[in-house]
Number of protein chains: 2
Amino acid sequence: MSQEKKYAVGIDIGGTTTKFGIVDAHGHILEQDRIPSNEHDDVQDFINDLHARLMPMMNKVGGINYFVGIGMGAPNGNIYTGTIEYAPNLKWKGIIPIAEQMEQKFGLPTRLTNDANAAAVGEMMYGCTKGMKHFITITLGTGVGSGIVIDGKIVVGHDGFAGELGHTIIRPGGRPHWSTGMKGSLEAYASATGVRDTAIEMLTKHPEVPSLLRNYRINELTSENVYECAMKGDKIANEIFEFTGQILGESLANFVMFSSPEAIVLFGGLTKAGNLILKPTREHMEANLLPIFKNKVKLIFSQLKESDAAILGASALVWE
Amino acid sequence: MSQEKKYAVGIDIGGTTTKFGIVDAHGHILEQDRIPSNEHDDVQDFINDLHARLMPMMNKVGGINYFVGIGMGAPNGNIYTGTIEYAPNLKWKGIIPIAEQMEQKFGLPTRLTNDANAAAVGEMMYGCTKGMKHFITITLGTGVGSGIVIDGKIVVGHDGFAGELGHTIIRPGGRPHWSTGMKGSLEAYASATGVRDTAIEMLTKHPEVPSLLRNYRINELTSENVYECAMKGDKIANEIFEFTGQILGESLANFVMFSSPEAIVLFGGLTKAGNLILKPTREHMEANLLPIFKNKVKLIFSQLKESDAAILGASALVWE
């Protein structure tokens, strides 16, 4: 007896939290929940935990027979192999064949991709780039993630690892990255971590300039503090966003001259700063574009919740 | 009476010279010739001249009825519109509907694309990336051109102008570009022009260091001179190639983290320097890649003559 497949599971494995949901074919998230990503030394325990949480949710909408499959996004998730490979922020080291392990546990077809790519697919299917064939998503969170869409398809490259724009070098010889050690990468500046590091640099470099930011202990300082102080008119805090936007804008100009997208969509914590980050980013992007590209690219904030985009995008992997 | 279409015309419009040829379906160039690109104030005169040269060549292989069409590569050539738009190095200003004008003159379907993209297609169909689905070509000539292939297709972006990698910024605030005025673009360093400018900078900055390059008048100095002096062991000349390779390698690393290609193919005059340019380029590319990309990307010189690649690639546009 064949049954109509009406639902998909979407799972977004982040460095800290794994979010998952039941998604219908129209992109509605009917149920969702979350578990920590890094409390299971063995990936099989993590899968068992996921299974225990998901089965009741799946039964609520009719049971496993109504499900077309499971889509997953994860750091360093490879769409070709279904494996998570050497993800620096996850506990499971080496190469993890998680798609296969999920299939065995759930008995459902499972597809995996990079988490940032999953978010880009979600944006394309259900967000502000619906119908666009050429765009780039940039997640400004603890790090900088990216998903590139060309001709309506996610760019994964010959080995499945394309789209690591956060690690491109924009200040050769510049600030070392906290984890890769590479000097001057976009992520070292245009992430929440980067904003904090810029704050510390500027406060140290200009001890004579008064700033509300000096009321925080250095090891407590966050990008949110910088945002709050900037909104109160603090000079250094505003300069931090101006500088962050400059670096991000210069990088975006380079990306535009690579793939000439119709839009660039910004996600993630730093976008809460609104125009404080958007205005300098746009200015410096435009200033660094060839005339042929100027005033063409839409630079917009995502209207989807970041976790929704990733769950939706992951689920979309199994509808194809 | 229908006749088998056995041939295509391939035309490569360069800043100085326009090369064209008769190409068969196996990628053999049966006939070829050239005319200057910039001696016709009116593009219609240029087309008339092309027609006068091409007709005898076409008749030699049986006449126009054996031809499937005409493919053209040109600076700022747009595959979507068939127009050359605001090409800084050509005499014809504004937007030139050259594909349509060619169709009217020849009575054959005509397709146009960017010259660097045409070369990449030629490389993919008949050169060292035959069968590869993901690669990038970089032309190191007077300027720096590029063609990007993803999933076996040239990346043209939403407006047809993608792939301007020579204009990406790799030294923010650095050397101004001679024509765009942008600061620190790849082309300002990793082109024949850039090598000459680096030579002048280094000679001026270190007047105490002896160099064979000081035997040339500054306004006569070329990248070929730098190559010859480097081969004779000249210290500054060798440093010029080391520096050029560093900048190129850093840029290539950024491109790899964008689209994760299987290979990067280098064309153009500077490649005559062989290992003088290849070695530092490879070193600095590898040094700036995330571990996941290291030692994976083939960095190779094209084996096609640059003009052949563009004629072949242009002709390939009409076989599809």
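**View 1. Turning chain B onto chain A.** A rotation of 180° with 0.0 Å of shift along its axis lays chain B over chain A, with an RMSD of 0.1 Å. (The copies are superposed by least squares on the C-alpha atoms of residues with pLDDT of at least 70 in both.) So the two copies are related as by a two-fold rotation axis. The same surface serves both of them: 100% of the contact residues of chain B turn up again in chain A. Here, two residues are in contact if their C-beta atoms, placed from the backbone, lie within 7 Å.

Before you look further: this is a predicted model, where local features need pLDDT of at least 70, side-chain atom pairs count only at pLDDT 80 or more, and totals for chains, interfaces and linings use all residues. Residues are numbered from 1 along each chain as its sequence is written, while chains are lettered from A and ligands numbered from 1 in the order in which they are written.

**View 2. Where chain B meets chain A.** Chain B brings 36 residues to the contact, and chain A brings 36 residues too. On the chain B side, the largest share, six residues, comes from helix H6 (residues 235-259) of chain B. Helices (H or I, at least four residues) and strands (E, at least two) are DSSP runs, numbered from the N terminus. Sort that side of chain B by class and you get 17 nonpolar, 10 polar and nine charged residues. (Ala, Val, Leu, Ile, Met, Phe, Trp, Tyr, Cys and Pro count as nonpolar, Asp, Glu, Lys and Arg as charged, and the others, Gly among them, as polar.)

**View 3. Chain A on its own.** Count along chain A and you'll find eight helices and 13 strands. Its C-alpha trace spans about 75 × 45 × 35 Å along the principal axes. Of the 320 residues of chain A, 52% count as buried, meaning that 20 or more other C-beta atoms, placed from the backbone, lie within 10 Å of the residue's own.

**View 4. Two domains in chain A.** Chain A splits into domain 1 (7-124 + 308-316) and domain 2 (131-303), with bounds that come from an automatic or database domain assignment. Their C-alpha centres lie 28 Å apart. Where they touch, 15 residues of domain 1 of chain A are in contact with 16 residues of domain 2 of chain A. On the domain 1 side, helix H3 (residues 115-126) of chain A gives the largest share, eight residues. That side of domain 1 has nine nonpolar, four polar and two charged residues.

How values were computed: A residue is buried if 20 or more other C-beta atoms lie within 10 Å of its own, exposed if 12 or fewer, and partly exposed in between; C-beta atoms are placed from the backbone.
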